[in-house]
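This report describes strand pairing, the surroundings of the ligand and a few backbone features, in that order.

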Amino acid sequence: MWAYGVDKEKLKEIQSVRLEDRIPSLGIKKLDVPIPTLKPDEVLIKPKYSALNFNSLWSSVGYPVTPFQLISGHVSRNPADKDHLLDYAIFGSDCSGTIVNVGTNVQNWSINDEVVVHCNVINSLDPIIENDSMKSATQSIWGYETNFGAFAEYCKVKAGQLLPKPVSVDWPHAASYCLTHSTAYRMLISDNGANLKAGETCLIWGAAGGLGTFAIQLCKLAGVRCVAVVSSEEKAKICKELGADIVIDRSKSAFGPFRDNTGKQDKLAWAKGKKLLASLGVKNIDVVFEHVGAATLGASIYFLKKGGRVVICAASSGYDAEVDLRYLWMEVKTVIGSHFANYSEAQNASNLVAPGQVVPKIYGIYEISKLGQLMDEMFLGKTFGKIVFRH
Ligand code: NDP
C-alpha cells in the first residue's frame with residue numbers, strides 16, 4: 001500500500017540539515033509498505049480523507065525527538081505493540097473512513113461502518129481510563145507516537161479510538177476536526193481544562209489556526225467574550241467571521257514580540273501589550289488559550305486578571321519558557337496543562353459538529369500527493385484552519 005511518513009534513510013537525510021534550515025517536505029516521503037496486520041483489539045480503516053496536524057510537522061523535521069524515538073517510547077509503555085517498531089513510521093492523526101477489517105476481540109464495530117478516528121491510544125484495561133484516559137501511563141497519540149497513521153491507503157487503530165461519523169457531516173469535514181477541536185474542547189470547556197463560564201473573557205493566541213478556529217467557536221457557544229490574536233488581515237477577517245469580539249493583528253499593532261533579540265522577556269513590551277488591551281476595552285482577562293509557549297507564556301500570565309488561568313497544550317515557539325513568578329503567586333493565577341482529550345470529551349466535541357453548532361474552518365482540500373507542500377505552508381504560518389487531504 002502507499003503511505004506517507006519517514007524511513008530511517010530519510011531521517012538521516014533530514015538530520016544532516018541544520019535544524020534552522022529544515023522544512024517538513026524534506027523529511028517525508030511516499031512509502032510502499034505492507035498493509036498492517038491486526039491484533040485482536042484493532043481495526044483496519046480505509047481513510048477517505050485525512051487532515052494535517054502540527055505533530056506531523058514536528059515528526060518530519062525530527063524535532064524535538066524523532067518519530068522512531070516516539071514510537072519506541074510508546075512500545076516501552078505498551079509492549080504488546082512491538083509490531084509498531086519498523087524501519088518506517090507512517091504519520092497522520094486525523095481521518096474519516098470506513099472499516100475494512102476488525103480484530104477477533106472487537107465488538108460493537110463492523111466492516112463498512114463509517115467512522116472518525118480519535119487519536120488517543122490507550123490500554124483499555126488500565127482502570128484510570130474510567131476517570132480520565134489522558135492520565136493513563138499507556139497513553140500515546142496515534143500517528144505521532146505510534147505507527148500506522150492516517151496518511152496511508154489503510155491505517156490501523158485500536159477499536160477504542162473510533163467515533164461514529166456524524167451523518168450530517170460530509171467526509172472531508174468529518175476528517176478535519178477530531179484532534180484540534182477535541183483538544184480545544186478539553187482546554188476551554190471541560191472540568192479538566194479552564195472550565196469557562198458565561199460572561200468571562202478569553203484571549204486566544206493563533207486564533208485563525210487549527211486550534212484557534214475551534215477555540216473561538218467554543219467561546220461563543222459558552223457565552224464568553226473572545227479576544228483573538230493573529231498576524232495578518234486575512235486571518236483577522238476569518239476570526240471576525242467566526243464570531244471573535246475583538247481581533248488583534250499583531251503584525252500591525254504594539255502587541256509583541258514579548259521577548260527581545262537575546263530571547264529575554266521584554267517587560268516593556270508586556271506593559272505595552274496590556275495597555276493596548278485596555279485601550280480596546282479588555283481590562284479583565286479570565287483565561288488565556290496558550291500553545292505558543294516561550295514567546296508568549298510570560299506575557300499570557302501577566303495579562304490575566306487576578307485569579308485568572310492560562311490553559312496550555314503546546315509550545316510551538318519553544319518549551320523552555322521564562323515567566324515572572326511574582327505575577328503568578330501574588331495574583332493567585334493558575335497554569336493548567338492540557339493534552340488532547342479523553343473519549344467522552346472527544347465525543348462531546350463531536351456532538352457539537354453534528355448539528356452544525358461548531359463548523360470546521362477548512363483551508364482547502366487537496367490530493368494527498370500535495371502533503372509535503374501543504375506541510376511547508378503550515379510550518380511557515382501561511383495557512384489557517386484545517387488542511388484536508390483526499391485519499
Ligand atoms: P496552526 O499552525 O494552525 O496555528 C498556530 C498559530 O500560532 C500560528 O498560525 C500563529 O498564528 C500562532 N503563533 C505561532 N508562533 C507564534 C508566536 N511566536 N507568537 C504568537 N503567535 C504565534 O497550529 P495548531 O493550532 O494546529 O497547533 C498549534 C500548536 O499546538 C502546535 O505546536 C501543535 O503541535 C500543538 N497541539 C497540541 C495538541 C495537544 O493535544 N497537546 C493538540 C493540537 C495541537 P498567527 O501568526 O496568526 O498569530
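## Strand pairing, ligand shell and backbone

Strand β6 and strand β10 (residues 162-164) run antiparallel and are joined by three bridges. Within this pairing, V116 stands opposite L163 in β10. The model described here is a predicted one, and the values given below are to be read with that in mind.

On β6 (residues 114-117) there is also a pairing with strand β5 (residues 95-102), again antiparallel and again made through three bridges. Here G97 has V115 in β6 as its bridge partner. Strand β5 is in turn joined to strand β3 (residues 42-51) by seven bridges, and these two strands run antiparallel; K46 stands opposite T98 in β5. In a regular strand the side chains alternate between the two faces of the sheet.

Two open sheets can be described as well. In one of them, three strands follow the order β2-β1-β4 with antiparallel pairing. Because β2 (29-32) and β4 (88-90) each have a single partner strand, they stand at the edges, and one side of each is left without a neighbour in the sheet. From one strand to the next, the twist in this three-stranded sheet averages 60°. Strand β1 (residues 2-7) pairs with β2 in the antiparallel sense over four bridges, with G5 standing opposite K29 in β2.

The other open sheet is built from six strands in the order β13-β12-β11-β14-β15-β16, and its pairing is parallel. Its edge strands are β13 (246-249) and β16 (334-337), each of which pairs on one side only, and the twist averages 20° from one strand to the next. At one end of this order, strand β12 (residues 225-230) and β13 pair in the parallel sense over four bridges, and V229 stands opposite I248 in β13.

### The ligand and its shell

Which residues are the closest to the ligand? Of the 23 residues that surround the ligand, the closest are G210, S231, C313, S316 and F340. For three of these residues, the table gives a distance between a ligand atom and a protein atom.

| Residue | Protein atom | Ligand atom | Distance |
|---|---|---|---|
| S231 | N or O atom in the side chain | oxygen | 2.6 Å |
| F340 | polar backbone atom | oxygen | 2.7 Å |
| C313 | backbone N or O atom | nitrogen | 2.8 Å |

Taken alone, the ligand exposes 920 Å², and the protein buries 86% of that area. The residues of the shell divide into 11 nonpolar, 10 polar and two charged.

The shell draws on both domains, since at least three of its residues come from each of domain 1 (2-181 + 341-390) and domain 2 (194-337). Among the secondary structure elements, α2 (54-61) and α6 (178-188) each supply at least two residues of the shell around the ligand, and α6 gives the most, with three residues.

### Backbone features in the loops

Most residues other than glycine have a negative phi, and most peptide bonds are trans. Three places in the model can be set against that background.

The peptide bond that joins Y63 and P64 is cis, with omega at about -5°, and P64 has its place in the loop between α2 and α3 (67-77). This loop adjoins α2, a helix that supplies at least two residues of the shell around the ligand.

A second cis peptide bond runs from G256 to P257, with omega near 0°. P257 is placed in the loop between β13 and α9 (267-279), and β13 is one of the edge strands of the six-stranded parallel sheet.

The third place is N108, which has a positive phi of about 75° although it is not a glycine. N108 lies in the loop between β5 and β6, two strands that are joined by three bridges and run antiparallel.

Conventions. Residues are numbered from 1 along each chain as its sequence is written. This is a predicted model: local features need pLDDT of at least 70, side-chain atom pairs count only at pLDDT 80 or more; totals for chains, interfaces and linings use all residues. Side-chain values use heavy atoms; hydrogens and water are left out. Two strands pair if DSSP finds at least two bridges between them. Axes are lines fitted to C-alpha atoms, for helices over the stretch in contact, and angles run from 0 to 180 degrees between N-to-C directions. A residue is near a molecule or strand if one of its heavy atoms lies within 4 Å of it. A polar contact is a pair of N or O atoms within 3.5 Å; within protein, one must be able to donate a hydrogen and the other to accept it, and residues adjacent in sequence count only if both atoms are side-chain atoms. Accessible areas come from the Shrake-Rupley method with a 1.4 Å probe; for residues, only the protein chains shown count as cover. Ala, Val, Leu, Ile, Met, Phe, Trp, Tyr, Cys and Pro count as nonpolar, Asp, Glu, Lys and Arg as charged, and the others, Gly among them, as polar. Domain bounds come from an automatic or database domain assignment.
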